[in-house]
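Here are my notes after going through the model you sent over. Have it open next to you while you read.

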Amino acid sequence: MTAPASQPDDPALLRIDGPIATITLNRPAAFNSVNLAIAQKLEQLAASIEGDDNIRVVVLEGEGRAFSAGGDLQTIGAAAEAGTVTPVVGELLKHYHAFIEIVRRMPKISLSSVHGSAAGAGMGLAFVTDLCIAADDAKFTPAYAKIGVSPDGGSTVGIVGTVGPRRALQIFLAEDNFTAQQAHEWGLVAKVVPAAELKAATRKLAERLAQNPPAAIAGTRQLVYQAATTPVKQQLDAEEHKIIMAMNTEAFRTAVKKFTSKSK
């Protein structure tokens, strides 16, 4: 599938620069809150780059003053008043969760670049990616329990696997919000940088990640994510399979020649 050309007023934008694809949430006036239009666009953009072997890194960022304020409560609140929550939210999450599924399964490394507010599903998006880099002014707000609901948007997918169930329960039920530094201490954020340096630091990290050959990225991601739930023998067999596959690539042969020539 060919990546669609982005228009300035699209609810989400796609920019491809060599091996790095950047998806930008583009509803700045609504703090990039997620409505049906942005959910559909995100699914479309992710599907268009999933099979592109030239792309190794996918960056997710937000336009304007926030990363994402989460679900569009104006739309959801109106549906609640009208008694149409089930079809309205069901349709929204069908597309948004399909987007999350693609991000998690694609054989590329995903990196969220967070500034300002990341709340609710926006917080979930920040942490459902493989890695997160955050500005020192970033603030994460679980939000769900305060309005009487449980998490969605991949929030439990990314957070529980990183911090474990106890810390996850603390985050969702006992934290009004937490800082980028706290998120870094909990292992949710890989790096915290000054807000003015976020774009440059994101680019530098994305370029570093993109130096890894595709087989290394895809194999490592799959092995890491399945390790916690896979029996030891099965995991070892998977490691054997993945490394032999990677060793049969030209990238491996080139790298080994370069390494061995240096050691002589």
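What follows is a set of numbered points on a predicted model, going from the sheets to the helices, the cores and one loop residue.

1. **The six-stranded sheet.** Start with the open sheet whose strand order is β1-β2-β3-β4-β6-β9; its pairing is mixed. At its edges sit β1 (12-17) and β9 (191-193), each of which pairs on one side only. From one strand to the next, the twist averages 20°.

2. **The β1 end.** Here β1 and β2 (residues 20-25) run antiparallel, joined by six bridges. If you want a spot to check the register, look at I16, which stands opposite A21 in β2. On the next pairing along, β2 and β3 are parallel, again with six bridges. For that pair, try L25, whose bridge partner in β3 is G62.

3. **How β3 is covered.** Which residues of β3 are buried on each of its faces? On one side they are V57, V59 and E61, and on the other V58, L60 and G62. That fits the tally for the strand, with six of its six residues buried. Note that E61 is part of that buried set.

4. **The β9 end.** β4 and β6 run parallel and are joined by four bridges, while β6 pairs with β9 in the parallel sense over three. A134 is a handy residue to click on: V114 stands opposite A134 on one pairing, and V192 in β9 is the bridge partner of A134 on the other. Like β3, β6 is mostly covered, with four of its five residues buried.

5. **The helix over this sheet.** α7 (residues 198-210) lies across β1, β2, β3 (57-62), β4 (109-114), β6 (131-135) and β9. The angle between α7 and β4 is about 170°.

6. **The three-stranded sheet.** There is also an open sheet with the order β5-β7-β8 and mixed pairing. Why is one side of β5 (117-119) and of β8 (178-179) left without a neighbour in the sheet? Both stand at the edges and each has a single partner strand, so nothing in the sheet flanks the other side. β5 pairs with β7 (residues 139-141) in the parallel sense, over three bridges. Within that pair, A118 has F140 in β7 as its bridge partner.

7. **α4 and its surroundings.** α4 lies across β5, β7 and β8, at about 100° to β5. This helix (residues 121-128) also packs against α5 (residues 155-174), with an angle of about 120° and axes 9 Å apart. At that angle, α4 and α5 are therefore oblique to each other. From α4, the contact takes in M123, G124, F127 and V128; from α5, S155, V157, G158, I159, I171 and F172. Sorted by class, the contact of α4 with α5 has seven nonpolar residues, three polar ones and no charged ones.

8. **α8 and α9.** What angle do the axes of α8 (residues 214-227) and α9 (residues 232-247) make where they cross? Roughly 175°, and the axes come within 10 Å. The cut-off for roughly antiparallel is over 145 degrees, so α8 and α9 fall into that class. On the α8 side you'll find A215, G219, Q222, L223, Q226 and A227, which meet Q235, A238, E239, K242 and A246 in α9. By class, the contact of α8 with α9 has five nonpolar, four polar and two charged residues.

9. **The nonpolar cores.** The largest core has 47 residues, and F99, F127 and F140 have the most contacts inside it. Two of these have come up already: F127 in the contact of α4 with α5, and F140 as the partner of A118. Leaving out residues up to four places away in sequence, F99 touches I23, L42, E43, A46, L60 and L125. Another core, of 14 residues, lies apart from the largest one; its members include V57, L111, I133 and A201.

10. **A loop residue to look at.** Is I147, in the loop between β7 and α5, buried or exposed? With a relative accessible area of 52%, I147 is exposed, because the cut-off is over 50%. As for its position, I147 is 22 residues from L169 in sequence, and their C-alpha atoms are 16 Å apart in space.

Definitions and conventions
Residues numbered from 1 in each chain as written. Predicted model: local features only at pLDDT ≥ 70, side-chain atom pairs only at ≥ 80, totals over all residues. Heavy atoms only, no water. Pairing = 2+ DSSP bridges. Helix = DSSP H or I, 4+ residues; strand = E, 2+ residues; numbered from the N terminus. Axes fitted to C-alpha atoms, helices over the stretch in contact; angles between N-to-C directions. Contact = heavy atoms within 4.5 Å. Parallel < 35°, antiparallel > 145°, perpendicular 65-115°, else oblique. Nonpolar A, V, L, I, M, F, W, Y, C, P; charged D, E, K, R; others polar. Buried < 20%, exposed > 50% of the residue type's maximum accessible area, 1.4 Å probe, protein only. Core = buried A, V, L, I, M, F, W, Y, C linked by side-chain atoms within 4.5 Å.
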